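Student: I have a chain open on my screen and would like to walk through it with you. Could we take it one question at a time?

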Amino acid sequence: MTTDLGRVHFVGIGGAGMSGIARILLARGVAVSGSDAKDSTMLAALRALGARIYVGHQAGNVADVDTVVVSSAIRPSNPELVEAGVRGLPVLPRAAALAAVMVGRKGIAVAGTAGKTTTTSMLTVALQHCGADPSFAIGGDLNEPGSGAHHGTGDYFVAEADESDGSFLLLSPYAAVITNVEPDHLDHYADAAAVEAAFVSFSETLDPQGFLVVCADDPGARRVAEVATAGGVEVISYGTAAEADLRIEQLHLDGHTSEAEIVHRGRRMGTLHLQVPGEHNVRNAAATLAVGLRLGFSFEQLAAGLAGFRGARRRFELKGVEGGVRVYDDYAHHPTKLTAALRAAREVAGEGGLVVAFQPHLFSRTAAFAREFGRALSLADEVVVMDVYAAREDAVPGVTGALVADAVPLPYARVTYQPSWSAVAAELVARSAPGDLVMTIGAGDVTLIGPEVLSLLASLGPGRSVADR
């Protein structure tokens, strides 16, 4: 069931969130078209599913459509958006389109400053293992099916809820998860208090018969939970905190794997085994267990599903190994996410060094958090800071990657600001040695550098010259 949107056109259809909604509509027999600035494998996949795809934005692309869906990255001057206004077409933000495809299902929305994609992915995989066949829309692709969206036959719809522009308030789900609440997207929100207020408002959109799952280890999430509880919302907490309803105990991290004992409201449930690293991922899995248990699924089934979870694309994703150097890629673009990713990388690196290329994302975020990014990057041994990936913003004078590089409290020789994108791969190779872990991090096109690093390492061969560390 879908609210009738007629023929739907997506402006910026190549993005993970937009393409996912388009994929679900196509599976339901809705006529879909869309445009993006450049061609991609994502667009090719949508073409194969029956979408009409345009490369480039032109007013004529919306000539015969009924509804236009637009991503937050699209500027008001976009010719398709302007033409939609001239024609009087309804223009929906991505979250409104997501809300439309969730109609008729029990929506479970996962929100938070960090951990949304992985937690949404874990919950999807766990429910699939329980036989629920949920529909899902995730801001990244699951490694197993290779897709971030699916039209399922079950009652549940699992969705990643994006707080960046406040549009997650349009979802009105049956249940929700809040992983954490910290300042971010200060180009949209006035301050940290406004961010927290938005999450409080999000908790107020839940179905009265539903529930809210929050992380007891995060101060911001706890404050939101207190307000929600006072407002009559059923709240379930998880984490290592003694007061958590679902408690993580005996946490053990061992390179690529993690495990912990799970206690649910005083009852010892069993051991959780994960094939992904880091304490943050154990918390993400605990959120999944809290949701699944409340929905009536067994711990054994849920834990078995989580044990098979291999991650989401661009979330500590192994790109390859060459010359004894392991190359990973991660989407982290907030200080908390960056810290979590690097702590996990430290576990996996073992005795090897950790060499990182970090691409700051958005000028507003870089200006607000340069010092925090610098502190997080001190967890690495060698750091290459790239220039800012602008995304939807115009350049801000004086705001460059140098702000972050200057804030990294490592010896000068260990940190470099490299504004030339094409020079980064060679810089990483020069700073790495066999046994090391190289990691590219950021929400922009830094993800394309990992394959270049692997190619360079392969071309140099086993006898390559490596800079002394």
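Student: What share of the contacts in the chain with a separation of 6 or more comes from residues 24 or more positions apart?

Tutor: Happy to start there, and do keep in mind that this is a predicted model. The chain holds 14 helices and 21 strands. Among contacts with a separation of 6 or more, the share from residues 24 or more positions apart is 65%.

Student: What radius of gyration does the chain have, and how does that fit a compact globule?

Tutor: The C-alpha atoms fill a box of roughly 65 × 60 × 40 Å along the principal axes, and buried residues make up 57% of the 469 residues. For a compact globule of 469 residues, a radius of gyration near 23 Å would be expected. The chain agrees with that, at 22 Å.

Student: Let's turn to a sheet. Which strands stand at the edges of the open sheet of 6 strands?

Tutor: The order in this sheet is E16-E17-E21-E18-E19-E20, with mixed pairing. A strand at the edge has a single partner strand, so one of its sides is left without a neighbour in the sheet. The two strands in that position are E16 (317-322) and E20 (415-417).

Student: Which residue of E17 stands opposite Glu-322?

Tutor: Strand E17 covers residues 325-330 and runs antiparallel to E16, joined by 5 bridges. Opposite Glu-322 in that pairing you will find Val-325.

Student: Which helix packs on the sheet and touches E16, E17 and E21?

Tutor: Look at residues 449-460, whose direction makes about 10° with that of E16. This element touches E16, E17 and strand E21 (437-441). Its name is helix H14.

Student: Is strand E21 enclosed or open, and how many of its residues are buried?

Tutor: On one side of E21 sit Leu-437, Met-439 and Ile-441, on the other Val-438 and Thr-440, and both faces are covered. E21 pairs in the parallel sense with E17 over 5 bridges, and 5 bridges also join it in parallel to strand E18 (residues 354-358). In these pairings Val-438 is the partner of Val-327, and Leu-437 is the partner of Leu-354. The strand is largely enclosed by the rest of the structure, because the number of its residues that are buried is 5 of the 5.

Student: Now for the aromatic rings. Are Phe-168 and Phe-202 stacked or edge-to-face?

Tutor: A pair of rings is described by the distance of the centres and the angle of the planes. Here the centres lie 4.7 Å apart and the planes stand at 10°. Planes under 30 degrees apart count as stacked, so the pair of Phe-168 and Phe-202 is stacked.

Student: Where in the chain do Phe-168 and Phe-202 lie?

Tutor: Both residues are buried, with a relative accessible area of 0% for Phe-168 and 0% for Phe-202. They are 34 residues apart, so to speak in distant parts of the chain. Phe-168 lies in the loop between strand E9 (156-160) and strand E10 (175-178), and Phe-202 in helix H6 (residues 192-203).

Student: And what kind of pair do Tyr-174 and Phe-211 make?

Tutor: Tyr-174 is in the loop between E9 and E10, while Phe-211 belongs to strand E11 (residues 211-215). Both are buried. Their ring centres are 6.0 Å apart with planes at 90°, so the pair is edge-to-face.

Student: Which residue has its charged end over the ring of Tyr-174?

Tutor: The charged end in question sits 4.6 Å from the centre of the Tyr-174 ring. It belongs to Lys-106.

Notes: Residues are numbered from 1 along each chain as its sequence is written. This is a predicted model: local features need pLDDT of at least 70, side-chain atom pairs count only at pLDDT 80 or more; totals for chains, interfaces and linings use all residues. Side-chain values use heavy atoms; hydrogens and water are left out. Two strands pair if DSSP finds at least two bridges between them. Helices (H or I, at least four residues) and strands (E, at least two) are DSSP runs, numbered from the N terminus. Contact means heavy atoms within 4.5 Å. Axes are lines fitted to C-alpha atoms, for helices over the stretch in contact, and angles run from 0 to 180 degrees between N-to-C directions. Rings of Phe, Tyr and Trp (its six-membered ring) pair if their centres lie within 6.5 Å; planes under 30 degrees apart count as stacked, over 60 as edge-to-face and the rest as tilted. Buried means under 20% relative accessible area, exposed over 50%, partly exposed in between (1.4 Å probe, protein chains only). A charge sits over a ring if NZ of Lys or CZ of Arg is within 6 Å of the ring centre and within 35 degrees of the ring normal. The radius of gyration is taken over C-alpha atoms; the globule rule is 2.2 Å times the number of residues to the power 0.38.
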